[in-house]
Amino acid sequence: MSASASSTGSCYVVRQAEEHELPRTLEVVNEAMAGAYARVRAADAPPRTTMERMRRQMPEGDTDCVVLVCVDSESGAICGTVMTTLHHHDFASAGRADTDSFGSLGVAVAAQGRGIGRLLVEAAEARARQRGKRRMELCFAHGSQFPGGQPELLQFYERLGYEQGAREELDFVWYNVLPEFRDGMYFQQMVKQL
């Protein structure tokens, strides 16, 4: 799979990550999440995700779950990443045969605002269509701690055609990972028909 686009003088290519690139994808996700949740998380909070968590989400031999990267074709730098198919077990729809999902979408802070997030979502959707799926879903932490209760992420997905689905309270696993989300935070599901 490969997709490309040009923006602000740079050309970007989306492709499946190679094994040696996985540590950089973690850096991108953690950097992006630190910026997105700066108002909620303490400055010394642990990283949003780790290689151990990534490996649990994509067990060896599982070809359903892959990491896609957006690469600047001039510099070779990884500018963004997304993991797909990543089922969100927080929702009853997680096992639907017609549904694919994605998560851990992250764009390097220096590359934000260039359409890279959109490219990655479109690549995940294209992969889902190739796999015969008709529906895409995702979820993210959301809630009253964000200014106005409407984070930019929610608006980003709505611009890409996603609609709000179910809300689920964060379970104890997420409280251990993101303890600062205990008050007024929940998972917001987003859904799009492909």
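Q: In helix 4, which residues are buried?
A: Happy to start there, with one caution: this is a predicted model, in which local features need pLDDT of at least 70, side-chain atom pairs count only at pLDDT 80 or more, and totals for chains, interfaces and linings use all residues. Residues are numbered from 1 along each chain as its sequence is written, and side-chain values use heavy atoms, with hydrogens and water left out. Helices (H or I, at least four residues) and strands (E, at least two) are DSSP runs, numbered from the N terminus. Buried means under 20% relative accessible area, exposed over 50%, and partly exposed in between (1.4 Å probe, protein chains only). In helix 4, the buried residues are Leu154, Phe156 and Tyr157.

Q: Where do these residues sit around the axis of helix 4?
A: The general idea is that an α-helix has 3.6 residues a turn, so residues three or four places apart point the same way. An arc is judged from the directions running from the helix axis to the C-beta atoms. Here the three buried residues cover an arc of only 160°, which puts them on the same side of helix 4. The face turned away from that buried side carries the exposed residues Glu152 and Arg159. Just beyond, helix 4 is followed by Gly161, with a positive phi near 95°.

Q: What is Tyr157 in contact with?
A: Contact means heavy atoms within 4.5 Å. Leaving aside neighbours within four places in sequence, Tyr157 is in contact with Phe102, Leu105, Val121, Leu138, Phe140, Tyr162 and Met190. Tyr157 counts as buried because its relative accessibility is 4%. You can also look at the backbone: the C-alpha atoms of Tyr157 and Val191, 34 residues apart along the chain, are separated by 9.2 Å.

Q: Which residues touch the most other members of the largest nonpolar core?
A: A nonpolar core is a set of buried Ala, Val, Leu, Ile, Met, Phe, Trp, Tyr and Cys residues joined through side-chain atoms within 4.5 Å. The largest one has 28 residues, and Phe102, Ile116, Val121, Tyr157 and Tyr162 touch the most other members. Elements that each supply at least two residues of this core include strand 2 (10-16), helix 3 (116-130) and strand 6 (135-143). Helix 3 gives the largest share, seven residues. There is also a second, separate core of twelve residues, with Leu26, Val28, Val67 and Val69 among them.

Q: How many residues of strand 3 are buried?
A: Seven of the seven, so strand 3 is largely enclosed by the rest of the structure. Val66, Leu68, Cys70 and Asp72 point one way, while Val67, Val69 and Val71 point the other way, and all are buried. Strand 5 is mostly covered too, with eight of its nine residues buried.

Q: In what sense do strand 3 and strand 4 pair?
A: Two strands pair if DSSP finds at least two bridges between them. Strand 3 and strand 4 pair in the antiparallel sense over six bridges, and Val69 stands opposite Thr81 in strand 4. Their hairpin has five residues between the strands, and Gly76 takes a positive phi near 80° there. Strand 4 also pairs with strand 5 in the antiparallel sense, over four bridges. In that pairing, Thr84 stands opposite Phe102 in strand 5.

Q: Where is the backbone worth a second look?
A: Most residues other than glycine have a negative phi, and most peptide bonds are trans. In this model, the peptide bond from Thr84 to Thr85 is cis, with omega near -15°. Thr85 is in the loop between strand 4 (78-84) and strand 5 (99-107). Ser104 lies in strand 5, and its phi is positive, near 50°.

Q: How many disulfides does the structure hold?
A: A disulfide is a pair of cysteine sulfur atoms within 2.5 Å. The structure holds zero disulfides. For Cys11, the nearest cysteine sulfur is that of Cys70, 9.1 Å away. Cys11 counts as partly exposed at 30% relative accessibility, whereas Cys65 is buried at 4%.

Q: With which side chain does Glu137 make a polar contact?
A: A polar contact is a pair of N or O atoms within 3.5 Å; within protein, one must be able to donate a hydrogen and the other to accept it, and residues adjacent in sequence count only if both atoms are side-chain atoms. Glu137, in strand 6, is buried with a relative accessible area of 1%. The side chain of Glu137 makes a polar contact with that of Arg135, at 3.0 Å.
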